[in-house]
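Visitor: Could you take me through one part of this structure slowly, starting with how the strands pair and then following what surrounds them? I would like one connected account rather than a list.

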Amino acid sequence: MTHNMEKIPMASDHAGYELKLKVKAMLESKGFEVVDYGTNSTESCDYPDFAHQVGRAINNGEMQRGIVICGSGEGVSMTVNKYPNVRCGLCWEVEIAHLIRQHNNANVLALPARFISEEKAMEIVNEFLSTEFEGGRHCRRVEKINQLLK
């Protein structure tokens, strides 16, 4: 199954680096082109420095779907969700990945490297990339995400 070289931006911190490499290899084997924004080692670093690059790429429409990874998945998720056109969901189960795509039209997946196995991560990524947005009543809800509270 090829994906016509769809570009997937990825970023991680030191805690997510090894999992990022494994996910990247799996994606490339399936025909995706991975744009790796770093980090490039397990040396301690600051996750926002790398996650912001994925957030910008998705926010600006340069790429459609991205993946961010850190120890808990929380920090990278918080960072990319600062961008108005990003809807990032933190997933530790396959069903969550399905629902964030189907109901929330999530365009970035956050993975908690310290809390899931490599096998579980691959299943989650595959579900995230293969699930379509359901639309319908969910469109109204997704549109309300960026409405400012009055």
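Guide: Strands S3 and S5 run parallel and are joined by five bridges. Two strands count as paired if DSSP finds at least two bridges between them, and the elements themselves are DSSP runs numbered from the N terminus, with helices (H or I) of at least four residues and strands (E) of at least two. Before we go further, please note that this is a predicted model, in which local features need pLDDT of at least 70 and side-chain atom pairs count only at pLDDT 80 or more, while totals for chains, interfaces and linings use all residues. Residues are numbered from 1 along each chain as its sequence is written, and side-chain values use heavy atoms, with hydrogens and water left out.

Within the S3 pairing, Ile69 stands opposite Leu111 of S5. S5 also pairs with strand S4 (residues 88-90): three bridges join them, and these strands run parallel. There, Leu90 stands opposite Ala110 of S5.

S5 is mostly covered, with five of its five residues buried. Buried here means under 20% relative accessible area, exposed means over 50%, and partly exposed lies in between, using a 1.4 Å probe and protein chains only. Val108, Ala110 and Pro112 point one way from S5, while Leu109 and Leu111 point the other way.

Leu109 and Leu111 lead us into the largest nonpolar core, which has 24 residues; those with the most contacts inside it are these two together with Met10, Val23, Leu27, Ile67 and Val125. A nonpolar core is a set of buried Ala, Val, Leu, Ile, Met, Phe, Trp, Tyr and Cys residues joined through side-chain atoms within 4.5 Å. S1, H1, S3, helix H4 (94-102), S5 and H5 each give two or more residues to this core, and the largest share, six residues, comes from H5. Met10 is a good place to pause: not counting residues up to four places away in sequence, the residues it touches (contact means heavy atoms within 4.5 Å) include Val23, Leu27, Val54, Ile67 and Ile69. A second, separate core of 18 residues includes Phe50, Ile58, Val76 and Tyr83.

Phe50 and Ile58 bring us to helix H2 (residues 48-59), where they are among the buried residues, as are Ala51 and Val54. The twelve residues of H2 reach 15 Å from the first C-alpha to the last, close to the 16 Å expected at 1.5 Å a residue; that expected span is 1.5 Å times one less than the number of residues. The buried residues of H2 pack against strand S1 (7-12), strand S3 (66-70), helix H3 (74-80) and strand S5 (108-112). Just after H2, Gly61 takes a positive phi of about 75°.

Now for the charged residues. The structure holds six salt bridges, each being a side-chain nitrogen of Lys or Arg within 4 Å of a carboxyl oxygen of Asp or Glu. In one of them, Glu6 meets Arg65, with the closest N and O atoms 2.6 Å apart. Glu6 lies in the segment before S1 and Arg65 in the loop between H2 and S3, so the pair ties together parts that are 59 residues apart in sequence. Glu6 counts as buried at 19% relative accessibility, and Arg65 is buried too, at 12%.

Another salt bridge joins Asp36 and Lys24, at 3.3 Å between the closest N and O atoms. Asp36 sits in strand S2 (residues 33-36) and Lys24 in helix H1, twelve residues apart. Asp36 is partly exposed, at 24% relative accessibility. Lys20, Lys24 and Asp36 are linked in a network of salt bridges. Lys20 also lies in helix H1 and is buried, with a relative accessible area of 0%. Among the residues that Lys20 touches are Met10 and Ile69, and Ile69 takes us back to its place opposite Leu111 in S5.

As for the cysteines, the structure holds zero disulfides (pairs of cysteine sulfur atoms within 2.5 Å). Cys91 is in none, and the nearest cysteine sulfur, that of Cys88, is 8.1 Å away. Cys91 is buried at 0% relative accessibility.
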